[in-house]
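Open the model in your viewer and keep the sequence panel in sight. The tour goes from a pocket to a group of packed helices, one selection at a time.

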Amino acid sequence: MPYKVSIVLVNFKNWEDTLECLSSIARLVYLDYQIIIVDNSPDNDSFLEISKFLLEHTSKSFRTFSYEDFQSSLLEEKYVLVKAKNRGFAHANNVAIKRIIETNSSDFCWLLNNDVVLDEMCLTHLVNAVDEKHWIVGSLLLYYDRPKIIQAAGGRYNHYFGFSWHYMEGRPKDDIILPKFLNSKTVDYPVGASMFIDNRAFEEAGLLEESYFLYYEEIDFIRRLQEIGKTHLIATESMVYHKEGRSIGSGRATTRSRLSDLLTVYNRIQFTWKYHRRCIITVYFGVFLVLLNRVRRFQWVRSKEILKILLGRITRDEITNVSS
């Protein structure tokens, strides 16, 4: 009997990407899944466009919900679309995850960014990779516009300075031989664009941490899994083509949005206080170097805001209220 998978997509404004992602999901070889789309866009344009697409492509096997009505839904439809307020990426995922756990509607949750396109065997490889020790499995991320170049084969994290980077980024996929699986000795966490999670992980370790609003959720979740003796894998045969940062502008540092930049810095410090307090001085030094780099680029407003973060004079809510 195949395992049932709940695929969770968060849509923030970029409904065109969501529709392309949904089209690639429809081509998957593994078919025992349900899709829950949580739209936390500030307007109704995405909700209407996604509803229209589902009506035309799913033989009406879908249902739309307000956030309030979703709390008592039974999740019987193949496609579910929920309208929610924007309280961050983790919260939007948790809206779906909480209901999935309460209704026991699946065995696994597959958290996907909406700006990805999937290889047709992608989900099959993820399902085959999960075992009693590895409760979370990530995919090999390839650039959407350069499909033979690796974007990330998992992530690495330096707790001394509080920064992370993509493992194998920029390497030609066909020029290297990757093992079938990469474990925690090689990569510290799966990149959040594709995270396949055994639902027991949420029951044992809790939901995604919402205090970050955006970024560091996957690293935090991995840490909590490690505390209960579970860990992660990267299934390199599970390939996902990622556009990266389309909704909020979180691509290269030189073009990164203010919101992305400030949250990365702010959460870098918050995560360190939570898990690596002995490294807080070196992390502050790393953030100071970020500040100097923004000054070098003449990004005066952003430099002032990063200085406020260093001095503890700005809150997360104040950051998220800043226009990107």
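Which element gives the largest share of the lining of the second largest pocket? It is α6, with three residues. Bear in mind throughout that this is a predicted model.

**Stop 1: the pocket**

Select Y3, S106, D107, F108 and D198; of the 19 residues that line the second largest pocket, these are the closest to its centre. The volume of this pocket is about 330 Å³. Next, colour α4 (89-103) and α6 (199-205), the elements that give two or more residues to the lining. Colouring the lining by class will show eight nonpolar, three polar and eight charged residues.

**Stop 2: α8 and α9**

Move on to the helices. Two packed helices are described by the angle between their axes and the distance between the axes. Select helix α8 (residues 258-275) and helix α9 (residues 280-296). Their axes lie 9 Å apart, at an angle of about 170°. Angles over 145 degrees count as roughly antiparallel, and α8 and α9 are therefore roughly antiparallel to each other. To see the contact, show the side chains of D261, V265, R268, I269, T272 and W273 on α8, and add I280, V283, Y284, G286, V287, V290 and R294 on α9. By class, the residues of this contact are eight nonpolar, two polar and three charged.

**Stop 3: α9 and α10**

Keep α9 on screen and add α10, which is helix residues 300-311. The axes of α9 and α10 come within 8 Å and cross at roughly 165°, so this pair is also roughly antiparallel. The crossing is left-handed. On the α9 side, pick Y284, V287, F288, V290, L291, R294 and V295; on the α10 side, pick W300, R302, S303, I306, L307 and L310. Here the contact has 10 nonpolar residues, one polar and two charged.

**Stop 4: α8 and α10**

Hide α9 and bring α8 back beside α10. How far apart are the axes of α8 and α10, and at what angle do the two helices pack? The axes are 10 Å apart and the angle is about 20°, which makes α8 roughly parallel to α10. In this pair α8 passes α10 in a right-handed crossing. For the contact, select R258, D261, L262, V265, Y266 and I269 of α8 together with V301, R302, E305, I306 and I309 of α10. Sorted by class, the contact of α8 with α10 has seven nonpolar and four charged residues, and no polar ones.

**Last view**

Show α8, α9 and α10 together. α8 and α9 are roughly antiparallel, α9 and α10 are roughly antiparallel, and α8 is roughly parallel to α10.

Definitions and conventions:
Residues are numbered from 1 along each chain as its sequence is written. This is a predicted model: local features need pLDDT of at least 70, side-chain atom pairs count only at pLDDT 80 or more; totals for chains, interfaces and linings use all residues. Side-chain values use heavy atoms; hydrogens and water are left out. Axes are lines fitted to C-alpha atoms, for helices over the stretch in contact, and angles run from 0 to 180 degrees between N-to-C directions. Helices (H or I, at least four residues) and strands (E, at least two) are DSSP runs, numbered from the N terminus. Angles under 35 degrees count as roughly parallel, over 145 as roughly antiparallel, 65 to 115 as roughly perpendicular and the rest as oblique. A crossing is left-handed if the near helix is turned anticlockwise from the far one by less than a right angle, and right-handed if clockwise. Contact means heavy atoms within 4.5 Å. Ala, Val, Leu, Ile, Met, Phe, Trp, Tyr, Cys and Pro count as nonpolar, Asp, Glu, Lys and Arg as charged, and the others, Gly among them, as polar. On a 1 Å grid over the protein atoms alone, a cavity is a set of points where a 1.4 Å probe fits but cannot get out, and a pocket is an open set with protein on both sides within 12 Å along at least five of seven lines; lining residues have an atom within 4 Å of a point. Grid points are joined across faces, edges and corners, and a volume is the space filled by probe spheres set on the points.
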